[in-house]
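Colleague: I'd like to learn how to read a model like this one. Could you take me through it?

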Amino acid sequence: MSDLKQLKIDTMADFSARGEEPEILFWVGCAGSFDARAQKVSLAFVKILNEVGINFAILGNEESCTGDPARRAGNEFVFQMTALQNIETLNMYKVKKIVTACPHCFNTIKNEYPALGGNYEVIHHTQMLQDLIDQGRIKLKEGGVFKGKRITYHDSCYLGRVNGVYEAPRKVLEQLDAQLVEMKRCKTNGLCCGAGGAQMFKEDESGDKRINIERIEEAMDVKPDIVAVNCPFCLTMMSDGVKAKEKQDDVMVLDLAELIVQNNVL
Amino acid sequence: MLSQIAFASLLLIVGYIVFTKYGRIRRNILLGKDEEISGNTGERLKNVALIALGQKKMFKRIIPGVLHFFIYAAFMITQIELIEIIIDGLFGQHRVFRSSLGGFYTFIISFIEILSLLALIATFIFLARRNLLKLPRFHMDEMTGWPKLDGNLILIGELILVVCIFTMNGADEVLHRMQGAGSYGFAVSSGLGPAIFGGMSEGTLQILERIGWWGHIMTVFAFLAYLPFSKHLHILLAFPNVYFKKLTSRGEMTNMPSIMNEVKSMMGLIEDTGAQDSMEELPKFGANDIFDLSWKNVLDAYTCTECGRCSSVCPANITGKKLSPRKIMMDVRDRAEEIGTHLDKNNLECVKADKKEGATKLTKENFDDGKSLFDYITNEELHACTTCNACVEACPVTIDPLDIILQLRRHEILDLAAGPAEWTPMFTAIENNGAVWQIADDRDKWAKDALNS
């Protein structure tokens, strides 16, 4: 669209050089930075931030892994090294508020960094999206591309069960004029996609089935057109599940930020 | 008089068993590491009121929740009658509260009777559910042998208890009428008594009433003495376990200040205190035995009643992996029991090699039987966990199996330098590249590409 604002992604270093401070830091995370599919989510979220005129920055090369998978695998040394490095950087830039599209980064910075000396206000991008909708800063088009589509929402463990955020993402989805259908296991009972606890970086232990297959089968039971997710690792796991079921032509797996961008054709 | 003496002796014996056996369990729980858990008394008491007393989390599954509530409520309210039975037994009285409480007594006993009837129905359903309906969580690998028998014994004990209550009250009702004193007016036994025991001779009724009375109190005593050997300890331990529940975010893994400070000094963030060098022994990381876990972890293990709600929601377990959070809890308890048994026997063969000389007593400090939790729990189980917290969420008495799993993982990675080989590239990439994958691109390449397109 021609009236689209010019895309602008500055780093904290850029802001610092200008002697300015951004409203908020967008913590991109490893997946959002390097995973081809999750990069699209980062881009979608950045487009939204640009569109509503939020003055944000990223850390760029000064960002490191938060250390979540290392810590949960049991490697406290690696966790402390990367976490303390990040806290040094964040404190140097006097960062106060952070938004991230990854529930693992969200959880670690919010709940684990304080014990290491990092205290920030941390929100997940779905919470921010809900706020922006509530404030009328994002106006979703009625009768958009999702009108009448069936959307099922997969709760990630670290946003849902671990941090108790169930409603914000659902409120965002309700605005899409689509039909929100819940899976049998949802909210506090939501089933893990299989990636957490550093499982993303190893093969499943031997068993009857992969966890993401179990979850995608449950999603398929409600016959969705779209599986909505809030986590880059869930995104991978659920997409792999859809492919394994050869349903990629019928079912899309999308992050909430992508849904908003597609609805508003940003 | 003879029965009073018999009763008093029995009470003493049960008291002794309770004192020693429960003391033993307390000792076993405290084999775990000291951990100060205090503060937020208000919030803790609220949790006890809602989760332990109110059974809030049980009702997540409504049918077993309600059935369990019947048994629980009957058990709680029966305590009033139990006090009366003990007083009656010691002082040779009969229904000592009746004259002083009057109509309220009729109400209380009626209430007990109605709840007992509901508990009886619930017990039958639970027995059927455990043995006839093939509910998967009652038929996992860890639920064979003793755990299976244990579950059934408790339910059978429950049946005997209720049958005794109605035998006692029913026969007493008929006797009372026979003696021209009219009906007691208790809700169930005033109808049930005459229907079953009507027409029997006074002598038979007196014997039946006594069988009911003694059977009831003996079952209660047997129950008390049995609890320390049973998974059923949750009826007591659920309360402290909920009270001492972790109140900070589920998302926060316990920090390891020793490692944090070492890394900080490596990074030049703090002065190197040299504390590391002066330590005689290398510090131990994570846990491989009861002594490394917190006492709260061991309390968790003794509180577990093996309901299996955790395992039935565990993504690894559901998809056929070896991990079962319930088994982790049972393993921790069984290991604590094993250590406890060695300590009880003062089995000096279990003294650590370097402390063998001069050791006359086996203690927690010098204990080493060459075994650890890893003899119970395999690496495969630990590696299957996704840390999704479903088990933590599911537990009706706020047990945290995940905390134990993570401490064992820490031991495996930090102390043994073992763990899944596939994790090594991830660790290395974080260390060298600041990302979970070893990728040569700039971290903000995605942004630059987008700006340039």
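Modeller: Sure, let's begin with burial. Buried means under 20% relative accessible area, exposed over 50%, and partly exposed in between, with a 1.4 Å probe and protein chains only. By that count, 50% of the 453 residues of chain B are buried.

Colleague: What ground rules should I keep in mind?

Modeller: This is a predicted model, where local features need pLDDT of at least 70 and side-chain atom pairs count only at pLDDT 80 or more, while totals for chains, interfaces and linings use all residues. Residues are numbered from 1 along each chain as its sequence is written, chains are lettered from A and ligands numbered from 1 in the order in which they are written, and side-chain values use heavy atoms, leaving out hydrogens and water.

Colleague: How many helices and strands does chain B have?

Modeller: Those are DSSP runs numbered from the N terminus: helices are H or I with at least four residues, strands E with at least two. Chain B has 20 helices and zero strands.

Colleague: Why is chain B described as more spread out than a compact globule?

Modeller: Use the radius of gyration, taken over C-alpha atoms, and the globule rule, 2.2 Å times the number of residues to the power 0.38. Chain B comes out at 28 Å, well over the 22 Å that the rule gives for 453 residues, so the chain is more spread out than a compact globule. Along the principal axes, its C-alpha atoms fill a box of roughly 100 × 70 × 40 Å.

Colleague: And how do I read an interface?

Modeller: Its size is often given as the accessible area lost when the parts come together. Here, buried area is that loss with a 1.4 Å probe, summed over both parts. Chains A and B bury about 5,700 Å² between them, with 66% of it on carbon and sulfur atoms. On the chain A side, Phe34(A), Phe77(A) and Phe201(A) lose the most area to chain B, together 13% of what that side buries.

Colleague: How many residues of each chain are in contact?

Modeller: Contact means heavy atoms within 4.5 Å. There are 72 residues of chain A in contact with 60 of chain B.

Colleague: Where does Lys94(A) sit, and is Lys94(A) buried or exposed?

Modeller: Lys94(A) is in the loop between helix 5 (76–92) and strand 4 (97–100) of chain A. Its relative accessible area is 58%, so Lys94(A) is exposed. Its phi is near 55°, a positive value in a residue other than glycine.

Notes: Buried area = accessible area lost by both parts, 1.4 Å probe.
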